[in-house]
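Reader: I should like to learn how to read an interface between two chains, and how to read the cysteines. May we work through an example together?

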Amino acid sequence: MAASTQTTSRILRVLNDGLGANVTDEDLRGVSRLDDILPLDSIAVLEFAIALESEFGIQFAGEQMKREFFNDFASLTKFLDAPPNPPQ
Amino acid sequence: MIRRLLEIARRGPSNPAIITGDSTYSYPQLLSIAGNLQRQLRLQGAQPGSVVATALPIGLEAIAAFLACADLGAVFLPVNPSWRGAEIKWILDRIQPAVVLTSPDHAALWTNSGVSPDRLLPLDLEALLNNAPPAPLTGHPWPDDHPVVHLMSSGSTGRPKIVSRTNGGLLQAADAVASVTGMVPGRRVLASVPFHHGHGLSNNLVLPLSVGATLVLLPRFEPLLAAKAIEQHAVDLLWSSPVAYGLLADAEVPASALASLRSCFTGSAALPRKLAEAWKDRYGITIRNIYGSVETGIAAIQREDSVPAYCVGSLVPGIEAVILDRDAALPAGESGEVAIKGASVAAGYVGESELFPRLWNGFLRTGDLGRLDEQGRLYILGRVVPWINIGGLKVDPAEVQRVIASLDGVRECSVEAETNPRGLDVVAATIALEPGLTLSRANIIGHCRAHMAEYKIPRVIKFISELTTDVSGKRPKPWS
């Protein structure tokens, strides 16, 4: 659970520092779908994916590079908590 | 256009025209597919002069549709497939297409907007590939002034306008650009800019095919997929946008994957200098600027490896430019509104001629602020009237403002561009609410999503107590 909180903070940092959004802790609270609080057009999805890769030291597989994957906030957080290819 | 492609097919029947996924189509095969589609269009009621709307991603179907229309003498109207109800209705209020070509899962958007089902043609690629007997294209010699495509433009206000491009204008522009970019038969071009975008249709479709080059199709831009396609198919020429070049660099695509690239051009938005330098350092390739719009076609191209800041290159053959201060031409070195004249310049807007920019001695006013230097190089310094450029898609701040202001509880709203940490523009909204009311970021985004395409929704949302500015023009601080 603690890891998730830390992961959420890191996602928040990616949203603000990587994408230039101005999302707050409060905005993220209780969010199940990221597009509730962020426009997720195709460019935003790519920017988000690349910024997450950089922040978490991972690489998303091709089939993950879809809006649906990044939109489900709970499963995204769970994935980032324990990525299959963790940073070396 | 089609007569030229038929000649290219006759001279090199095995030359590849399209590579998509693992499939390669020669010029004769591509023209055959377009012929089969043209037969379907005719059966559906399309004829010379009628408009065929297409809402399709980059793909063989969209290219075949363009060629089928060009041969039939129908007008190809590419529509952004991400557009929704209100945006589709906006088109239908101005143009009633004889046929709408779309993917089966997109069809309901059109019928819900009032298009009768008998005008819809959901595309079935298998049927096009296996349709017998063949229905060859005719190569009918349509005159130069025959309209061949209607493109959506974002002009000085950002609201789309419909620009008609003619058979002759499109081809002359392609020939002029080919002459200064080394676009010759055999070159391999990555088609990654959607065809509903003027830059995509002109440079990722018409230009390469008009010389007999090969298009490698990338239906959805993802940096690693793009790099894979470039490496796998030895792509040597890339026309794209700063967003795409930035994503390739950010994804740390290795230089070895892009080793086949010999020429890179960018349009749609200003190229951040930092990105140009990073790209050159990492990949050893200069990204060259192109400048133009749907209304003007490509007006200038950077030929040198290195140019001064804001320089977008020299004028394309057949294009003239002047810098205007209201109604007077300015000398070299002085800044004013850029105005362009040439065969590729559009004659007006479809259905809204009153909105077309006022000409100055035959020169089209672009709304861009710029200057020419003594060597005739063009510099673009900004806009006379601002819009927001999101990866080449233009967003009208006034449209976003109107949508947000229509939400109950919003008293005032202001929308403008904000630069993100990567040096690119995002949509930013500053909102003042009615006293005592509370709205969340989610409320604003949900309301916007119901009324407009995703790329127009603000990424930055600030709530403030008052929107009015003080005497110094400063805005009050956000609440948070």
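Author: The discussion below treats the interface first and the cysteines afterwards. Please keep in mind that this is a predicted model.

Reader: How much area do chain A and chain B bury between them?

Author: The size of an interface is often given as the accessible area lost when the parts come together. Here chain A and chain B bury about 2100 Å², with 58% of it on carbon and sulfur atoms. On the side of chain A, A:Asn22, A:Pro39 and A:Ile50 supply 25% of the area buried against chain B, more than any other three residues. In terms of contacts, 24 residues of chain A meet 27 residues of chain B.

Reader: Which helix gives the most to the side of chain A that touches chain B?

Author: Helix H3 (42-56) of chain A does, with five residues. Helix H1 (2-18) of chain A also supplies at least two residues. By class, this side of chain A has twelve nonpolar, five polar and seven charged residues.

Reader: How many salt bridges are counted between chain A and chain B?

Author: The count is two. In one salt bridge, the side chains of A:Arg67 and B:Glu454 meet at 3.5 Å, N to O. Ten residue pairs are in polar contact across the interface.

Reader: Why is B:Cys264 not bonded to B:Cys311?

Author: A disulfide is a covalent bond between the sulfur atoms of two cysteines. The sulfur of B:Cys264 lies 18 Å from its closest cysteine sulfur, that of B:Cys311, which is too far for a bond. B:Cys264 is buried, at 0% relative accessible area. Over all chains, the count of disulfides is zero.

Notes:
Residues are numbered from 1 along each chain as its sequence is written. Chains are lettered from A and ligands numbered from 1 in the order in which they are written. This is a predicted model: local features need pLDDT of at least 70, side-chain atom pairs count only at pLDDT 80 or more; totals for chains, interfaces and linings use all residues. Side-chain values use heavy atoms; hydrogens and water are left out. Contact means heavy atoms within 4.5 Å. Buried area is the accessible area (1.4 Å probe) that two parts lose on being put together, summed over both. A salt bridge is a side-chain nitrogen of Lys or Arg within 4 Å of a carboxyl oxygen of Asp or Glu. A polar contact is a pair of N or O atoms within 3.5 Å; within protein, one must be able to donate a hydrogen and the other to accept it, and residues adjacent in sequence count only if both atoms are side-chain atoms. Helices (H or I, at least four residues) and strands (E, at least two) are DSSP runs, numbered from the N terminus. Ala, Val, Leu, Ile, Met, Phe, Trp, Tyr, Cys and Pro count as nonpolar, Asp, Glu, Lys and Arg as charged, and the others, Gly among them, as polar. A disulfide is a pair of cysteine sulfur atoms within 2.5 Å. Buried means under 20% relative accessible area, exposed over 50%, partly exposed in between (1.4 Å probe, protein chains only).
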